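User: I would like to learn how to read ring contacts and burial in a protein model. Please take one feature at a time.

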Amino acid sequence: MRDTVERMQRLIGERRVAVQIDPQAFDRFSIVRTPAFVLVRSGASMQPCSSGTCLASDQFVMAAGDVSLDYALSFFERSAPPMARDASSFLRRMKGAR
């Protein structure tokens with residue numbers, strides 16, 4: 001994990017960014033490809049699963065592969081109507097920060 005953090009710091013440099021490295025997320029969201037962007041429904045309830053605490057598939061959306069964050073959020077808006085409001089909100093905030 002230390003090597004990963006050091007590599008991330010070199011990539012990020014002095015830029016102000018938020019990054020979360022969560023090894024349990026691979027199990028929780030059934031991630032098999034990276035990078036992966038996950039948007040969890042507000043108030044989602046966790047449930048026990050074989051690998052720990054998991055979420056039902058209707059409680060989150062995911063985009064994985066060589067895509068940008070704004071692309072992933074736009075994809076969520078289009079493809080997951082229950083998550084569109086949250087995706088739109090994050091996308092607006094992201095565009096406003098540029």
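User: Is phenylalanine 76 buried or exposed?

Analyst: Buried means under 20% relative accessible area, exposed over 50%, and partly exposed in between, with a 1.4 Å probe and protein chains only as cover. Phenylalanine 76 has 2% relative accessibility, so it counts as buried. A word on the source: this is a predicted model, in which local features need pLDDT of at least 70 and side-chain atom pairs count only at pLDDT 80 or more, while totals for chains, interfaces and linings use all residues. Residues are numbered from 1 along each chain as its sequence is written, and side-chain values use heavy atoms, with hydrogens and water left out.

User: What is the mean pLDDT of the protein?

Analyst: pLDDT is the predictor's confidence in each residue, from 0 to 100. Here the mean is 84, and 95% of the residues reach 70 or more. Helices (H or I, at least four residues) and strands (E, at least two) are DSSP runs, numbered from the N terminus. Among these elements, helix H3 (residues 69-79) has the highest mean pLDDT, 94, and strand E3 (residues 52-55) the lowest, 72.

User: How many aromatic pairs are there?

Analyst: Rings of Phe, Tyr and Trp (its six-membered ring) pair if their centres lie within 6.5 Å; planes under 30 degrees apart count as stacked, over 60 as edge-to-face and the rest as tilted. By this rule there are two aromatic pairs. In one, the rings of phenylalanine 29 and phenylalanine 60 have centres 4.9 Å apart and planes at 70°, so the pair is edge-to-face.

User: Which parts does that pair tie together?

Analyst: Phenylalanine 29 lies in the loop between helix H2 (25-28) and strand E1 (36-40), and phenylalanine 60 in strand E4 (residues 60-64), so the pair links parts that are 31 residues apart in sequence. Phenylalanine 29 counts as buried at 10% relative accessibility, and phenylalanine 60 counts as buried at 13%.

User: Which residue pairs with phenylalanine 75?

Analyst: Phenylalanine 75 pairs with phenylalanine 76; the centres are 6.2 Å apart with 55° between the planes, a tilted pair. Phenylalanine 75 is partly exposed, with a relative accessible area of 31%.

User: Which residue lies over the face of tyrosine 71?

Analyst: A charge sits over a ring if NZ of Lys or CZ of Arg is within 6 Å of the ring centre and within 35 degrees of the ring normal. In this model arginine 78 lies over the face of tyrosine 71, at 5.9 Å from the ring centre.
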